[in-house]
Amino acid sequence: MAKLQELINVSDLTTCEATAQMITKARKDGVELFFDRASNMKACPIGAESACCKHCSMGPCRMNVNSPYDRVGICGATIDTIVARNFGRMVAAGTAAHTDHGMGMLELFRDVINGKNTDFKIQDPMKLLEVAKALDIVTEGRELKEIALDLYAELEKTYTQVDGEIPMMKRVPPKTLESWRKEGIVPRGAMREIMEMMHRTAIGVDQDYENLTKQISRTALADGWGGSMVSTDITDILFGTPSPVEVEVGMGVLKEDKVNIIVHGHEPILLEAMIISAADPELKKMAIEAGAKGINLIGMCCSGLDALSRHGLPHAGNFSSTEAVLVTGAVDAMCVDVQCIKQDLKRVAECYDTPFITTNYRAKIEGALHIQLDEHDPLKCTEEIVIKAITRFKTRGKTIEIPRKTGLGVHGFSYEYINYMLGGSFRGSYKPLNENIINGRIRGVAGVVGCTNPRSKQDFSHVELVKELIRNDVLVLQTGCSQLALAKAGLTGPGAAAMAGPGLAEVCETVGMPPVLGLGSCVDNSRILIAASKMVRTGGLGETIADLPAAGCAPEWMSEKAIAIGQYFVASGVYTIFGHTFPMTKGTKFEKHLFEELETKGFGKWGFADDPLEMARLMIAHIDKKRQALGIDKARERVLMDMADRRILDATA
Ligand code: NFS
Ligand code: SF4
């Protein structure tokens, strides 16, 4: 163990008590975690500003981050070309991850309707009809299977369509779509957009940062309004549309007397199959015969968020806690599929005799046990994993330490449920939300999303930012690892309304909702797009998404997927702030383009801040600017005056 580790205070690495406890235990056990490596390995300063190009073997070419225009690459590429190309490739990679995941869900949907997979069935036919109708598929007087087959064929275009607009463009507010048409960025199929993005960023192709930006937006839109949106809708159709459910989160959900199985990754099929296997009476009996009180299935990261929203399944933590949870020694198996799975999980699992199993042919880990999950017969894989976990339970060592802390919160707010919750079952509508924004009780809406990162104190910025936003009457929508940060901190329960400003608190108390609404995994950011689209269509808040008093933030991001998400929010009209680092050389034309010029063209724009209170300040200032442009800033002043008046009255009473 490096000496340095002793010097780094655990409280500087995380605000998650359970993770802190496990970092301390890992140090005692002599087990290195990614926190230690992040502390010991300095980020390359040129790479951090994205000022280096290795797209051909004449290079790699490194620019000077302090005076970026004093040289060009061997081929002549300028700093703007280099940074824009690097950024474009991040967007392409992020989009590929979400769309490949979505394509997998669509294939599963096809197999279920064709009877090739009999373990699953359509859980939400109403949603199937709703999505079909939104895409102009005839539903009247037709069999569900017929409609489903048409829907499959239509949605496949999201990925494969060579030319023309993808189907989900029908859901975009008309004026927003018009601005995309004008700019030439309405996406075709994601495969085409990713291919073109990769082509245009190769040596000697597109060397105009503004032109590159168009393809960057087009690719990202093929993710948000394409691959991710299809993934969310199909997952809802297959496994049920979430509605609010109370869930326990944090490492305290591990049970000393049960067989603990962790599922970590992103594609819902593994966890859905695991839910069936964990409930299998024979396997349960086997667990009891092994001396356990039962099988305790737990999710992590986005797989976990999917199952938490849909089934109320307990969740052990976000990205920065996936190694730490193994340090408890109480995990009897960890199985993974794709994305955000640190290679070192295998080694940490070995240190604690935990079986670590990869299940997807696209994501093997050298030396790790692989049990392939066959989409046509998924239970074969998951049953085997449960048996392995039971075997491990029997031989568990004595050095188990489970942090006691858990958080309780309400999650599973689909955009459909927001509709119902605010409008009531018979007149479900976004009107009450819009009205409360117009009258100023709700100042605006913020999406706080994204990863945690060992270079940033875990959960700290997420929690402080959200606290500040709700204190200022901003309603917060959440997805991804951010949602878990807030859930652990206890801000996703109705009790959190007490921490909100007077206007937002009043709405939350009337409706009985928390001021922080968890919408699910990262592909479920598409729910935020649909909600924004509904707000525009409902009226009173402008004609495009860019007119809404709304802003987004990923304060502790780390994945290329986050960059793709950020770009589709920006292209959709949202001011989007990223924290702690940004892959951008300062003082470049490309930076100005993303951070200022896009907004003048009617899009959103990028922002950056390191401090959560500064992030909140920028977001609130933007929301207020939009309120002013809509002419509803006066209404808010009145509401605040009313509150002040009331307080004076109370004081004099
Ligand atoms: Ni999103 Fe999910 Fe978490 Fe970041 Fe990774 S789990 S898809 S990328 S780290 S939020
Ligand atoms: Fe250097 Fe140009 Fe090759 Fe990039 S593409 S490595 S800038 S020569």
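Which cavity is the space taken by ligand 1? It is the second largest cavity. A cavity is a set of points on a 1 Å grid over the protein atoms alone, where a 1.4 Å probe fits but cannot get out. A molecule sits in a cavity if more than half of its atoms lie within 2 Å of its grid points.

This is a predicted model, in which local features need pLDDT of at least 70, side-chain atom pairs count only at pLDDT 80 or more, and totals for chains, interfaces and linings use all residues. Residues are numbered from 1 along each chain as its sequence is written, chains are lettered from A and ligands numbered from 1 in the order in which they are written, and side-chain values use heavy atoms, with hydrogens and water left out.

## The whole protein

The protein has 26 helices and 15 strands. Both are DSSP runs numbered from the N terminus: helices are H or I with at least four residues, strands are E with at least two. The C-alpha trace spans about 70 × 70 × 65 Å along its principal axes. A compact globule of 653 residues would have a radius of gyration near 26 Å, and the protein, with 24 Å, agrees. That radius is taken over C-alpha atoms, and the globule rule is 2.2 Å times the number of residues to the power 0.38. Of the 653 residues, 62% count as buried. Buried means under 20% relative accessible area, exposed over 50%, and partly exposed in between, with a 1.4 Å probe and protein chains only.

## The two ligands

Ligand 1 lies between domain 3 (251-394) and domain 4 (410-652), because both give residues to its shell. The domain bounds come from an automatic or database domain assignment. Residues around ligand 1 include His-266, Cys-301, Cys-302, Phe-319, Met-558 and Lys-561. A residue is near a molecule if one of its heavy atoms lies within 4 Å of it. The shell divides into eight nonpolar, three polar and one charged.

Around ligand 2, the residues include Cys-53, His-55, Cys-56, Gly-59, Cys-61 and Arg-85. This shell has eight nonpolar, three polar and one charged residues. Here Ala, Val, Leu, Ile, Met, Phe, Trp, Tyr, Cys and Pro count as nonpolar, Asp, Glu, Lys and Arg as charged, and the others, Gly among them, as polar.

Gly-59 also takes part in a cis peptide bond: the one to Pro-60, with omega near 0°. Pro-60 lies in the loop between β1 (52-53) and β2 (61-62).

## Two helices

Cys-301 and Cys-302, from the shell of ligand 1, are among the buried residues of α13. This helix covers residues 301-311, and 10 of its 11 residues are buried. Just after α13, Gly-312 takes a positive phi of about 70°.

Helix α11 (residues 268-278) holds Met-274. Met-274 is buried, with a relative accessible area of 0%. Its C-alpha atom is separated by 33 Å from that of Ser-461, 187 residues apart along the chain.

## Two loop aspartates

Asp-459 and Asp-473 each have a positive phi in a residue other than glycine.

| Residue | Phi | Loop | Relative accessibility |
|---|---|---|---|
| Asp-459 | near 75° | between β10 (444-448) and α19 (460-471) | 3%, buried |
| Asp-473 | near 65° | between α19 and β11 (474-479) | 2%, buried |

Technical notes. On a 1 Å grid over the protein atoms alone, a cavity is a set of points where a 1.4 Å probe fits but cannot get out, and a pocket is an open set with protein on both sides within 12 Å along at least five of seven lines; lining residues have an atom within 4 Å of a point.
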